[in-house]
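User: Could you take a close look at the largest pocket in this model for me? I'd like to know what lines it.

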Amino acid sequence: METIAAVATARGTAGLSVIRISGDKAIETAAKVFCPADGSDLCALAGYRAKFGHIVLDGKAADDAVALVFRAPKSYTGEDVCELSLHGGLYLTDRVLQAVFAAGAVPAGPGEFTKRAFLNGKIDLAQAESVAGVISAASAEQARLSYGVLEGRLSQKIKQVCEDLTGCSALMGAWVDYPDEEIPELERANLTETLRAAKEALDTLLANYTGAKVIAEGVDAVICGRPNAGKSTLLNLLAGEEKSIVTDIRGTTRDIVEVSVRFAGTVLRLYDTAGIRESSDTVEAIGIARAKQKIEQARLVLAVFDSSDALDENDRRLIETLKGRDAIAVINKTDLPEKTDEALLRKSFAKVVRLSAKNGSGLADLEKAVRETLHTASFDATGENLISERQRMDCVAARDAVAQALADAEMGMTYDAVGVMIDEAIDALLRLTGQKATEEVVNNIFSQFCVGK
């Protein structure tokens with residue numbers, strides 16, 4: 001394969017930029033633009049060693065730099081790799097990268113370094129998918145979730161299930177194909193026990209996916225309620241700064257205010273909406289219509305009610321609208337004398353939280369309610385977790401095939417019939433880890449990566 005190169009650090013002015021070069025001629029290519037200060041030959045440097053020196057452009061030293069060498073197969077990509085660390089100016093970084101291309105490298109495509117790691121057997125496809133999650137993690141839980149997959153926890157679980165099923169398939173196949181040989185027959189009780197354990201393991205992975213998806217992707221969450229209930233104050237509390245204008249004037253928020261916050265272990269993409277009421281004001285009416293549309297689209301709704309005021313028709317219509325939704329009733333302004341009908345709210349919502357968005361009391365209760373509503377309260381981000389829809393679909397296919405094999409075995413079907421379904425399950429698991437993934441699937445996964453990774 002060609003030697004590839006790209007900037008591995010974020011684009012922009014920074015203390016350092018790193019240009020990564022990978023391929024059979026990576027170190028030779030780097031040596032054409034980097035000169036060690038001690039006059040030694042970079043190409044003779046052993047792996048996991050670094051040299052201080054100078055970037056040379058047009059025959060002149062242009063910057064101080066460090067060259068870090070990795071030798072195949074003990075590198076990220078499994079190939080020879082050289083990383084040039086230089087000062088992070090935009091002009092200088094671009095000039096050095098162009099010099100690396102002139103020296104024989106070609107531009108890396110999106111995710112091509114990680115793709116080569118996969119193709120060279122350094123990581124499997126599930127681990128490769130987690131790399132993007134580690135890079136984009138916006139919360140501690142997201143980082144733990146992605147790193148757990150990168151460490152191979154999911155892959156080890158899939159490998160174990162696959163090995164158990166393969167053992168059954170091999171023994172059944174040998175016994176069916178060579179009846180005259182002295183091959184011990186697989187006891188049906190042992191077969192059903194293995195299949196049942198495999199199904200339970202896959203069921204557990206699928207059950208945990210809801211929480212993993214929330215952690216990995218975050219959720220859209222709408223803050224709604226009638227005017228002056230304290231929606232904007234709640235948004236500002238969750239954001240930790242003033243994002244929405246807060247006044248005593250009803251209808252201050254006329255359009256949707258958006259902000260992403262880290263809360264309850266995940267990223268909430270919060271939308272502060274216009275107060276929901278009947279309005280003859282054209283601009284406010286448009287904002288209210290948008291608020292209702294956003295409520296329909298949201299994964300989570302925080303419905304805010306004014307504790308210091310009785311429920312009115314606008315509140316009651318909102319309660320009716322939110323029936324059957326993942327919604328939390330937030331009784332706000334609990335620092336004031338109470339007039340609202342809390343009993344009705346507790347009857348109408350599975351989760352009700354008392355809160356003063358003004359002083360922050362009750363915030364821990366809201367966090368607990370959000371975790372429980374999003375099914376992340378008992379979720380273990382460091383465990384064995386699926387982190388993509390592709391993985392989930394392959395796991396569903398494997399689970400369904402195992403379930404059918406188990407049903408067939410319990411009904412006394414022939415080993416041939418049971419074996420067909422076991423083989424289908426094995427194929428699905430091998431697709432999940434990339435051992436049988438199509439080129440189209442592989443290319444699609446890596447096309448979503450940044451270029452330097």
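**The largest pocket**

Analyst: Happy to help. The largest pocket has a volume of about 480 Å³, and please keep in mind that this is a predicted model. Its lining is made up of 19 residues, and those closest to the centre of the pocket are Glu 129, Ala 132, Ile 387, Ser 388 and Gln 448.

Now to the elements behind that lining. Those that give two or more residues to it are α4 (125-136), α5 (140-150), α7 (188-217), α13 (389-410) and α15 (439-446). Of these, α4 provides the largest share, with five residues. As for chemical character, the lining of this pocket holds eight polar, seven nonpolar and four charged residues.

If you want some context from elsewhere in the model, there is also an open sheet to look at. Six strands build this sheet, in the order β9-β10-β8-β11-β12-β13, and their pairing is mixed. At its edges stand β9 (257-263) and β13 (351-354); each has a single partner strand, so one side of each is left without a neighbour in the sheet. On average, neighbouring strands here are turned by 25 degrees against each other, direction ignored.

Within the sheet, β8 (residues 219-224) and β11 (residues 300-306) run parallel and are joined by four bridges. One residue pair you can find on screen is Ala 221 with its bridge partner in β11, Leu 300.

To come back to your request: when you view the pocket, α4 is a good place to begin, as the largest share of the lining comes from this helix.

Methods: Residues are numbered from 1 along each chain as its sequence is written. This is a predicted model: local features need pLDDT of at least 70, side-chain atom pairs count only at pLDDT 80 or more; totals for chains, interfaces and linings use all residues. Side-chain values use heavy atoms; hydrogens and water are left out. On a 1 Å grid over the protein atoms alone, a cavity is a set of points where a 1.4 Å probe fits but cannot get out, and a pocket is an open set with protein on both sides within 12 Å along at least five of seven lines; lining residues have an atom within 4 Å of a point. Grid points are joined across faces, edges and corners, and a volume is the space filled by probe spheres set on the points. Ala, Val, Leu, Ile, Met, Phe, Trp, Tyr, Cys and Pro count as nonpolar, Asp, Glu, Lys and Arg as charged, and the others, Gly among them, as polar. Two strands pair if DSSP finds at least two bridges between them. Axes are lines fitted to C-alpha atoms, for helices over the stretch in contact, and angles run from 0 to 180 degrees between N-to-C directions.
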